[in-house]
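Please open the model in your viewer and keep the sequence panel beside it; the stops below go from the whole chain to one strand and its neighbours.

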Amino acid sequence: MGIAVENISKQFGSFRAIDQVNLEIKTGSLVALLGPSGSGKSTLLRMIAGLEQPDSGQIWLIGENATKKSVQERHIGFVFQHYALFKHLTVRQNIAFALEIRKAPKSQVSSRVEELLELVQLTGLGDRYPSQLSGGQRQRVALARALAVQPRVLLLDEPFGALDAKVRKELRIWLRQLHHEVQVTTVFVTHDQEEAMEVSDEIVVMNQGRVEQVGTPAQIYDQPATPFVMSFIGPVNVLPANAGILSGNRQVTKSDRIFLRPHDVVIQPNQVEGATLAKIDRIIYLGWEIRVELVLASGQPVNAYLSREMFHQLQLQPGQRVYVKSKQVKIFPAAYAVS
């Protein structure tokens, strides 16, 4: 096991940041800690790194109890959101810094730096300063510097959060390829659901200091364990039990809530069995798909996502009365509230 967290808790004053978390991360895997602000994901990452000490519980790294070990003793590479590069040092000097601190032979430092420049696709830029690089290039330098000492574990705290959308997308692909090459156990923090789904082998969904669910991207999306997970991962309609949009003979009680993905909403121009009346309020073109905002006869709003082909086939218009039903839904008790 690469990382094992056992009954970890952490409190800051009256705020409980981490509440008895248990987690296992396989050696060589790429795992995302995903959750909203204040969910505890960065605090958990910092405790794994040794930058914060847990109030209780234990942390194991590569089979060793690291709970009381210093940051240096844990042999971890850490990458921050804002690069934290030395502005007065060149790219090459930034990458070499940790190796020189450890008094590695000059020949070894030089060969390792050149190897990393090639790995992060910055060959030829070693003599530039951070101010002469783009944001994406600076983040690659930060990753190269973290990898220089061949860490047992690589931790990234919102690594692409300071970059624009286009660069973030490019670096997601690059990070996945980089991980395939270096195969170091990697954990990264993000609040971006798409980023977590695209990059990671496994996702740890956190909320209010606890782990809500751990699973592959497909498991998290298709088999959400709680209302929070279903609401946080991808868009969803939350409807009362009497919404009249259930498919099949599903049994619900008055206190139940229906969770329905927009792409599981079926729109028909004519009455069909199991469908309920709705009115199209607004149509929004999103490029590769169309969002249709509907209002049920009960007054409940519902969003549907259609492919461009299906939208043109149906020839829908704002104000049009249609019939809707669901392909599949998830039902949770209302008492199991989304927080």
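Two strands pair if DSSP finds at least two bridges between them, and the strands themselves (E, at least two residues), like the helices (H or I, at least four residues), are DSSP runs numbered from the N terminus. This is a predicted model, in which local features need pLDDT of at least 70 and side-chain atom pairs count only at pLDDT 80 or more, while totals for chains, interfaces and linings use all residues. Residues are numbered from 1 along each chain as its sequence is written, and side-chain values use heavy atoms, with hydrogens and water left out.

Begin with the whole protein, which has nine helices and 18 strands and whose C-alpha trace spans about 80 × 45 × 30 Å along its principal axes. Of its 339 residues, 47% count as buried, meaning under 20% relative accessible area with a 1.4 Å probe and protein chains only.

Next select residues 321–326, which form strand 17. Which residues make up its covered face, and which its uncovered one? Val322, Val324 and Ser326 lie on the covered face, whereas Arg321, Tyr323 and Lys325 lie on the uncovered one.

Now add residues 265–268, strand 13, which runs antiparallel to strand 17 and is joined to it by four bridges; here Val265 has Ser326 as its bridge partner, a residue of the covered face.

Finally, select residues 276–285, strand 14, which is also antiparallel to strand 17 and joined to it by four bridges. In this pairing Lys279 stands opposite Arg321, a residue of the uncovered face.

How values were computed:
Buried < 20%, exposed > 50% of the residue type's maximum accessible area, 1.4 Å probe, protein only.
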